[in-house]
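Here is a short report for the bench. Have the sequence and the 3D view open as you read.

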Amino acid sequence: MRTLGDPEEDGAGPEKGRAVPEEDGRRLASQVSRDVERMKKAEREKHDVLSSWLSLGTIGLLFILPVVVGAFLGRWLDQHLAGYAIHWTITGILLGVILGAISVYNHLRQNL
C-alpha cells in the first residue's frame, strides 16, 4: 500500500514530499494555541440576552433617529418656504435613510 510522501515509491525525499514531521508538529501546536486563545476570548466576551437586546435597540436608534430628524426638518422647511408642499419632507426622509444606513454599517463594522 502506498502512503503519501513515501520517498521510495514516488522518488521524492523530504524536500519534495510532505513536510517533515517536526514542522507538522509545530504547525499543529501553533494552530491549536490560536484556537485555544480564540475560545478563551469568546468565553470572556460572552454575550447574554440583555446585551443582545441592547445592541439591537442601538442599531434601531441609529437608523430611525436620522430618518425622524430629516422628516421633521423637511416638514419645517416645507412650512416656511412658499411653493413647496412636500418636497423637503421627502428629501429629508431620504437623506435620513442614507445617513441611518451609513451609521448602522459603521456601528456593525466596528463592533463585529
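Is T89 buried or exposed? T89 is buried, because its relative accessible area is 11% and the cut-off for buried is under 20%. Keep in mind that this is a predicted model.

**T89 and its surroundings**

T89 sits in helix α4, which covers residues 87-111. Leaving aside residues up to four places away in sequence, T89 touches A71, G74, R75 and D78. Those numbers fall in helix α3, which runs over residues 49-80. Two of these partners, G74 and D78, are themselves among the buried residues of α3.

**Helix α3**

Helix α3 has 32 residues. From its first C-alpha to its last, α3 reaches 46 Å. That is close to the 46 Å expected at 1.5 Å a residue. Buried in α3 are V67, G70, G74 and D78. Their cover includes α4. The contacts of T89 with G74 and D78 fit that picture.

**A nonpolar patch**

Helix α4 also holds L95. Together with I98, L99 and I102, L95 makes a nonpolar surface patch. The area of this patch is about 380 Å². Look at how the four are placed in the sequence. An α-helix has 3.6 residues a turn, so residues three or four places apart point the same way.

**Salt bridges in helix α2**

How many salt bridges does the structure hold? It holds 2. One joins the side chains of D24 and R27, at 3.5 Å from N to O. The other is formed by D35 with R38, and their closest N and O atoms are also 3.5 Å apart.

Where do D24 and R27 lie? Both are in helix α2, residues 21-44. They are 3 residues apart, so about one helical turn separates them. D35 and R38 are likewise in α2, 3 residues apart, about one turn of the helix.

The table lists how accessible each partner is.

| Residue | Relative accessible area | Class |
|---|---|---|
| D24 | 26% | partly exposed |
| R27 | 49% | partly exposed |
| D35 | 30% | partly exposed |
| R38 | 60% | exposed |

Why does R38 count as exposed? Its relative accessibility is 60%, and exposed means over 50%. R27 counts as partly exposed because its value is 49%, and partly exposed runs between the 20% and 50% limits. The aspartates D24, at 26%, and D35, at 30%, are partly exposed too.

Definitions and conventions:
Residues numbered from 1 in each chain as written. Predicted model: local features only at pLDDT ≥ 70, side-chain atom pairs only at ≥ 80, totals over all residues. Heavy atoms only, no water. Helix = DSSP H or I, 4+ residues; strand = E, 2+ residues; numbered from the N terminus. Buried < 20%, exposed > 50% of the residue type's maximum accessible area, 1.4 Å probe, protein only. Contact = heavy atoms within 4.5 Å. Patch = residues over 30% accessible without salt bridge, like charges linked within 9 Å, V, L, I, M, F, W, Y side chains within 5 Å. Areas by Shrake-Rupley, 256 points an atom, 1.4 Å probe, with all protein chains shown as cover. Salt bridge = Lys/Arg side-chain N within 4 Å of Asp/Glu carboxyl O. Expected span 1.5 Å × (residues − 1).
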